[in-house]
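User: I have a model open and would like to understand the labels attached to it. Could you take me through the reasoning behind them?

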Amino acid sequence: MKLIHQVSDLPAEGKGPAVAIGNLDGVHRGHQALIASAKACAHSLHVPTAVLTFTPHPQAVLRPTSQGMRLTTDPERYALFEKHGVDLTLALPFTVALAELEAEVFLERYLGQGLRATSLHVGQDFRFGRGRAGNSTSLRLWGESRGMEVCIIDAVTSGDEKISSSSIRALIQQGQVAQANRLLGYAYEHSGSVEKGAGRGRTLGIPTANVAYDPSKVAPCNGVYLTRTQVGGRAFVSVSNFGSRPTFVQGDPRPTLETHLLDFSESIYGQTVRVEFIDRLREERKFENVDALRAQVMTDIETARKKAAATF
């Protein structure tokens with residue numbers, strides 16, 4: 001997949017792509033349906049499949065206090081685009097000036113003259129332009145007046161509920177990662193480098209990898225989780241604690257992510273790992289002593305083995 005950030009980097013010749021448009025944070029099942037629509041149209045017209053999106057997320061610019069709300073980092077998002085068949089991503093740098101563009105100016109500049117789109121694909125609730133004045137109806141009128149096919153994609157639902165990034169964020173924050181994963185269509189994850197810790201896990205005979213936590217992403221509810229940790233191209237069942245380690249640490253509000261890989265004994269300090277959250281096993285709690293903690297962790301490991309055997 002080709003990734004660009006400026007329309008000046010777009011090819012000046014050839015047929016324009018079928019374009020899916022949106023923030024697409026999480027690339028959840030609803031977003032996947034949007035991309036699939038663009039991809040099907042692209043194949044029928046023999047043109048590339050493209051995504052027009054923004055970086056950083058608009059809320060990070062318009063509401064700077066709303067940090068820690070991303071479902072995917074930009075690299076994760078782009079990798080998911082590629083996985084679902086996107087050939088070209090135009091990730092526009094989002095600024096206040098871009099947000100203030102009149103709706104039709106935005107369309108002409110980026111979809112008309114820039115991408116020279118052949119077809120446009122958006123969700124029903126798509127809004128764009130100054131004051132969010134543009135919507136799917138005005139986009140359809142604009143596109144069809146220029147000979148573009150315009151597809152407005154119905155919301156994808158789970159039961160009676162529309163799948164949305166906000167509903168998935170809420171589930172993760174509540175620790176309901178298994179439910180969130182069903183809406184995402186894949187396992188929610190955190191990637192980070194393995195850092196030196198205090199070595200308490202190794203002292204207990206249960207070594208853990210201390211994984212650097214990306215504060216831009218949604219934090220799961222504190223607790224112990226069945227996870228799957230990817231390291232060096234291999235996947236291991238793991239048990240992870242996300243939280244404040246109350247048995248050992250007092251008054252530190254910063255969350256930490258520690259993961260114990262089952263049947264694994266290698267040193268991976270400095271390596272980047274990917275921790276996929278599969279299910280929540282229990283809440284995080286403070287233990288009276290390290291023996292009580294160790295006994296509980298051994299129980300957590302056995303529970304994780306059984307759940308993993310039924311899940312993977």
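User: Happy to start with a side chain. Why is Arg282 called buried?

Analyst: Arg282 has a relative accessible area of 11%, and buried means under 20%, so Arg282 earns the label. Do keep in mind that this is a predicted model. Arg282 lies in strand β16 and touches Gly223, Val224, Phe287, Gln296 and Asp300, leaving aside residues up to four places away in sequence.

User: What makes the pair Arg282 and Asp300 a polar contact?

Analyst: Their side chains are joined at 2.9 Å, and the cut-off is within 3.5 Å, so the distance fits.

User: How do you know that Cys41 is not bonded to Cys151?

Analyst: The Cys41 sulfur is 5.6 Å from that of Cys151, its closest cysteine sulfur. A disulfide needs the two sulfurs within 2.5 Å, so this pair is too far apart for a bond. The structure holds 0 disulfides.

User: Why is Cys41 called buried, and why is Cys221 called partly exposed?

Analyst: Cys41 has 6% relative accessibility, and the limit for buried is under 20%, so Cys41 is buried. Cys221, at 25%, falls between that limit and the 50% above which a residue is exposed, so Cys221 is partly exposed.

User: What makes strand β5 largely enclosed?

Analyst: In β5 (residues 119-123), 4 of the 5 residues are buried, so the rest of the structure largely encloses the strand.

User: How do you know that β5 pairs with β2 and β8?

Analyst: Pairing takes at least two bridges. β5 has 3 bridges with β2 and 5 with β8, so both pairs qualify. Both run parallel. Leu120 of β5 has Val19 as a bridge partner and Val150 as its partner in β8.

Key. Residues numbered from 1 in each chain as written. Predicted model: local features only at pLDDT ≥ 70, side-chain atom pairs only at ≥ 80, totals over all residues. Heavy atoms only, no water. Buried < 20%, exposed > 50% of the residue type's maximum accessible area, 1.4 Å probe, protein only. Helix = DSSP H or I, 4+ residues; strand = E, 2+ residues; numbered from the N terminus. Polar contact = N/O pair within 3.5 Å; in protein donor to acceptor, adjacent residues only side chain to side chain. Contact = heavy atoms within 4.5 Å.
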